[in-house]
Amino acid sequence: MLLVIAAVACLVSVPLFGGRLALLADLRIRATLAALAAAGLQVWITQAPHGSHAVHVALHFASYALVGVFLFANRLLPGMPLLALGTGLNVLAITANGGVMPASASALRIAGIEVSDGFANSAAVAHPHLQFLGDLIPVPGPWPIGNVLSVGDLLIFTGALFLLHRACGSRLPLGRQPARADS
């Protein structure tokens, strides 16, 4: 839900800076099925946490592989390098921790996220590796807003905001020219 709220806030910011959301129709986004499948896998592993841990980890990595396909297919769009860097940092932290994003126990508590049985794509890990890349930034609030974020997540949000404002010709210093994937 936090992602939906952030997306709406980003969309609302475009006209505030003189951009035109209608220009999004000109944006050539490729491999959308890969992105949708990745999102579907992420929803499934978080909403159906019980079952084989190995299957959940495999699906978690599969979702990131699909994101990689999407990022590569759209690599010429502005903001994609930041999106790819953020995704790569998240994958690095997840890989170093056996398929789970290491989260700070205090950040989870501040965000109002309770530890539950079963697989969690982000969880407090007994002996985390690369903890500084993990979910350390709490977003306080009751469900559905409470969440924990990583540096990779912030880079992903920044890349998406950059893409959105560039594509819509915003007056933000990010650039005023509509983006084209084939340029």
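A residue counts as exposed when its relative accessible area is over 50% and as buried when that value is under 20%. Keep those two words in mind as you look at this predicted model. Our tour follows helix H3 and then the loop that comes after it, which runs between H3 (53-73) and helix H4 (80-96).

**The two sides of helix H3**

- Turned away from the buried side of H3 is a face that carries the exposed residues Ala54 and Phe72.
- Which residues of H3 are buried? They are His56, Val57, His60, Ser63, Tyr64, Phe70 and Leu71.
- These buried residues cover an arc of only 135 degrees around the axis, so they sit on the same side of H3.
- A general rule helps here: an α-helix has 3.6 residues a turn, so residues three or four places apart point the same way.
- What covers the buried residues of H3? The cover includes helix H2 (32-47) and H4.

**The length and start of H3**

- H3 has 21 residues, and at 1.5 Å a residue they should span 30 Å. The end C-alpha atoms of H3 are 30 Å apart, which agrees with that expectation.
- At the N-terminal end, Ser52 acts as a cap for H3, with a side-chain oxygen 3.3 Å from the backbone nitrogen of Ala54.

**Leu59, a residue within H3**

- Leu59 has its place in helix H3, and its relative accessible area is 22%. Buried residues must be under 20% and exposed ones over 50%, so Leu59 is partly exposed.
- Setting aside residues up to four places away in sequence, Leu59 touches Leu41, Trp44 and Ile45.
- Leu59 and Gly99 are 40 residues apart along the chain, yet 9.5 Å separates their C-alpha atoms.

**Asn74 in the loop after H3**

- Asn74 lies in the loop between H3 and H4. Is Asn74 buried or exposed? Its relative accessible area is 1%, so Asn74 is buried.
- A polar atom of the Asn74 side chain lies 2.8 Å from the backbone oxygen of Phe70. Phe70 is itself one of the buried residues of H3.
- Beyond its neighbours within four places in sequence, Asn74 is in contact with Arg28, Ile29, Arg30 and Met80.

**Aromatic rings**

- How many aromatic pairs does the structure hold? The number is zero.
- The ring of Phe72 does have a partner of another kind: Arg75 lies over its face, at 4.1 Å from the ring centre. Phe72 is also one of the exposed residues on the H3 face described above.

Note on methods
Residues are numbered from 1 along each chain as its sequence is written. This is a predicted model: local features need pLDDT of at least 70, side-chain atom pairs count only at pLDDT 80 or more; totals for chains, interfaces and linings use all residues. Side-chain values use heavy atoms; hydrogens and water are left out. Helices (H or I, at least four residues) and strands (E, at least two) are DSSP runs, numbered from the N terminus. Buried means under 20% relative accessible area, exposed over 50%, partly exposed in between (1.4 Å probe, protein chains only). A polar contact is a pair of N or O atoms within 3.5 Å; within protein, one must be able to donate a hydrogen and the other to accept it, and residues adjacent in sequence count only if both atoms are side-chain atoms. Contact means heavy atoms within 4.5 Å. Rings of Phe, Tyr and Trp (its six-membered ring) pair if their centres lie within 6.5 Å; planes under 30 degrees apart count as stacked, over 60 as edge-to-face and the rest as tilted. A charge sits over a ring if NZ of Lys or CZ of Arg is within 6 Å of the ring centre and within 35 degrees of the ring normal. The expected span of a helix is 1.5 Å times one less than its number of residues. The arc is that of the directions from the helix axis to the C-beta atoms.
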